[in-house]
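This report describes one protein chain. It goes from the overall make-up to selected local features.

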Amino acid sequence: MAAAQEADGARSAVVAAGGGSSGGSSPAGGPPTGIFIIWAISSWFRRGPAPQDQAGPGGAPRVASRNLFPKDTLMNLHVYISEHEHFTDFNATSALFWEQHDLVYGDWTSGENSDGCYEHFAELDIPQSVQQNGSIYIHVYFTKSGFHPDPRQKALYRRLATVHMSRMINKYKRRRFQKTKNLLTGETEADPEMIKRAEDYGPVEVISHWHPNITINIVDDHTPWVKGSVPPPLDQYVKFDAVSGDYYPIIYFNDYWNLQKDYYPINESLASLPLRVSFCPLSLWRWQLYAAQSTKSPWNFLGDELYEQSDEEQDSVKVALLETNPYLLALTIIVSIVHSVFEFLAFKNDIQFWNSRQSLEGLSVRSVFFGVFQSFVVLLYILDNETNFVVQVSVFIGVLIDLWKITKVMDVRLDREHRVAGIFPRLSFKDKSTYIESSTKVYDDMAFRYLSWILFPLLGCYAVYSLLYLEHKGWYSWVLSMLYGFLLTFGFITMTPQLFINYKLKSVAHLPWRMLTYKALNTFIDDLFAFVIKMPVMYRIGCLRDDVVFFIYLYQRWIYRVDPTRVNEFGMSGEDPTAAAPVAEVPTAAGALTPTPALTTTTEASTSLPTKPTQGASSASEPQEAPPKPAEDKKKD
């Protein structure tokens with residue numbers, strides 16, 4: 001029987017999943033491997049439950065309980081639909097939705113498809129209270145054969161022979177309305193009815209929604225559970241009888257595969273609601289997977305809005321599980337993990353690079369300030385558009401990191417002599433000496449001057465386009481959305497000043513190559529996702545643009561080959577220190593007066609270091625000194 005249970009249980013996935021389309025078709029269902037993958041990933045980050053005390057009052061051990069419905073028990077199913085949360089009107093024939101007799105507990109071979117599943121479909125008349133945003137409940141009763149769920153029928157009712165579970169089957173969802181208009185004409189393309197409802201109910205309206213499919217699962221389980229020791233989240237489903245100490249069969253309402261996009265609002269225009277109720281047995285391990293996914297307690301402090309957003313985000317995961325090839329799905333999961341690892345390594349190396357950097361030669365300081373500006377625009381934009389809290393926190397942390405970078409590329413101090421409004425000290429910014437004394441500042445200014453010839457006309461054109469053809473909440477929102485859209489479209493141009501500086505210096509030794517490599521690998525991974533998952537065309541183009549810029553970096557690294565004797569930003573070089581020591585101690589006058597180029601990284605330049613005395617180059621009035629040690633001389637780089 002156990003083998004048949006697992007074999008037929010796999011075949012019953014379609015109906016047992018309880019998903020479907022809004023059109024009332026049979027449940028689409030989800031593969032067992034799909035829900036297992038989601039459970040495995042989420043359980044990786046979930047903390048295990050703390051062990052509970054199995055001792056009863058007085059220190060005596062608690063006795064293991066048993067299921068009140070033994071294996072192969074004959075039972076009847078009664079399903080009622082009501083507006084009331086607590087149901088008592090068993091005599092109302094209009095409330096009885098479905099009645100199925102002589103079901104066998106633990107049977108996996110009966111039913112129309114020989115999988116132990118049954119279903120019933122009907123159109124429900126909508127009460128006026130439900131049309132006006134009221135609630136509607138489903139009440140499910142399982143009784144042993146020969147008994148009735150109505151407690152008032154004394155001869156047919158037995159408490160230990162009846163198990164009951166209720167649930168609200170409509171779902172309340174927030175509908176947000178943003179009042180936007182064309183700032184020049186004052187016109188809007190929004191539905192007039194939506195505008196009127198926004199004026200009556202405010203920008204956020206809670207509306208009752210409906211999905212036509214739901215599955216009733218009874219868990220085929222006879223585990224000797226001990227009261228008080230059932231691990232969460234299973235403990236909220238296992239109900240014990242207060243007198244006998246045994247537990248009732250576990251009833252689970254399964255709507256996991258009901259996608260959010262298939263819910264539709266209930267209003268006065270609807271005369272009836274379609275409802276398909278399916279009954280299926282469910283194995284213990286699959287029930288544990290579904291129960292774990294329905295638990296949201298770790299995020300209680302973030303509020304209900306995050307629940308709605310997470311449900312919508314899970315829709316894309318469920319669709320991918322239902323529609324994606326299993327091999328491609330496995331590749332996507334592996335690549336996602338690798339992407340996260342590379343993202344962390346890029347972050348770590350970026351912080352390490354700027355924290356240990358002593359010289360700013362070859363680095364674009366203006367690009368750092370422009371990055372801070374970009375981060376602020378993104379932060380203000382997501383705050384204006386009420387993006388989810390987790391995204392807001394991550395962007396805010398990024399802004400703090402960019403602000404910290406300013407302290408590494410400039411000398412920042414408090415000017416207490418010149419105060420703001422005579423009270424607050426003023427922040428003073430001054431370029432570092434390593435940036436001013438090198439040619440980097442000249443090239444940096446030159447690069448941004450050339451860049452402004454392209455950037456400002458494009459910004460003006462995009463601002464005019466946004467003002468003429470797009471709708472906004474106000475002038476503040478227009479400025480933010482215009483800047484955000486412009487940076488999203490043309491933000492890759494801001495990476496070109498560093499390319500220009502590399503070209504002028506004929507060097508790439510100053511770049512954080514580890515961080516760039518990890519980010520480039522993540523960009524290639526984004527390319528994979530961009531063409532596997534449905535995404536806007538502009539996002540796909542943006543990924544390709546980043547690839548082009550990185551390939552230019554790689555080309556510059558190839559033509560400007562790095563001198564292996566150069567000391568990098570961590571004070572290390574590729575040369576043999578024992579071989580370099582004798583050279584540093586040979587006093588040569590000409591060597592002291594023939595400077596080594598500051599950023600010579602090409603192979604040809606490294607071979608042009610002076611090895612012969614230069615006639616007439618020295619002066620008798622100047623003392624002859626030994627040339628600086630290679631490490632000290634190259635630390636300037």
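A residue is called buried under 20% relative accessible area, exposed over 50% and partly exposed in between, with a 1.4 Å probe and protein chains only. By that rule, 41% of the 637 residues in the chain are buried. The model is predicted, so local features need pLDDT of at least 70 and side-chain atom pairs count only at pLDDT 80 or more, while totals for chains, interfaces and linings use all residues. Residues are numbered from 1 along each chain as its sequence is written, and side-chain values use heavy atoms, with hydrogens and water left out.

**Overall make-up**

Helices (H or I, at least four residues) and strands (E, at least two) are DSSP runs numbered from the N terminus. The chain has 20 helices and 13 strands. Contact means heavy atoms within 4.5 Å. Of the contacts between residues at least 6 apart in sequence, 77% join residues at least 24 apart. The accessible surface, from the Shrake-Rupley method with a 1.4 Å probe, comes to about 35,400 Å², and 60% of this belongs to carbon and sulfur atoms.

**Annotated spans**

An unreviewed UniProt entry carries the annotation "transmembrane region" for residues 327-347, 367-383, 389-406, 450-469 and 475-496. Such annotations may be inferred rather than shown by experiment, and their positions are given in the numbering used here. Two of the spans are described in the table.

| Span | Helix | Strand | Distance between end C-alpha atoms |
|---|---|---|---|
| Residues 367-383 | 100% | 0% | 24 Å |
| Residues 450-469 | 100% | 0% | 30 Å |

Cys 461 counts as exposed because its relative accessibility is 54%.

**The disulfide**

A disulfide is a pair of cysteine sulfur atoms within 2.5 Å. A search of the whole structure finds one. It joins Cys 117 and Cys 280, with 1.8 Å between the sulfur atoms. The link is right-handed, at 125 degrees about the S-S bond. Cys 117 lies in the loop between strand 2 (96-104) and strand 3 (118-125), and Cys 280 in strand 11 (residues 272-282), so the pair ties together parts that are 163 residues apart in sequence. Both Cys 117 and Cys 280 are buried.

**A three-stranded sheet**

Two strands pair if DSSP finds at least two bridges between them. An open sheet of three strands runs in the order 6-7-10, with antiparallel pairing. Strand 6 (171-176) and strand 10 (264-265) are at the edges with a single partner strand each, so one side of each has no neighbour in the sheet. Strand 7 (residues 204-210) pairs with strand 10 over two bridges. Trp 210 has Tyr 264 of strand 10 as its bridge partner.

**Helix 14**

Helix 14 (residues 496-505) is largely enclosed by the rest of the structure, because seven of its ten residues are buried. Among them are Pro 497, Leu 499, Phe 500 and Ile 501. Lys 506 follows helix 14 and has a positive phi, near 55 degrees.

**Backbone exceptions**

Most residues other than glycine have a negative phi, and most peptide bonds are trans. Asp 72 has a positive phi, near 65 degrees. Asp 72 sits in the loop between helix 3 (32-45) and strand 1 (74-82), and counts as partly exposed because its relative accessibility is 47%. Asp 102 also has a positive phi, near 60 degrees, and is found in strand 2. The peptide bond joining Pro 232 and Pro 233 is cis, with omega about 0 degrees. Pro 233 is in the loop between strand 8 (213-219) and strand 9 (251-254).
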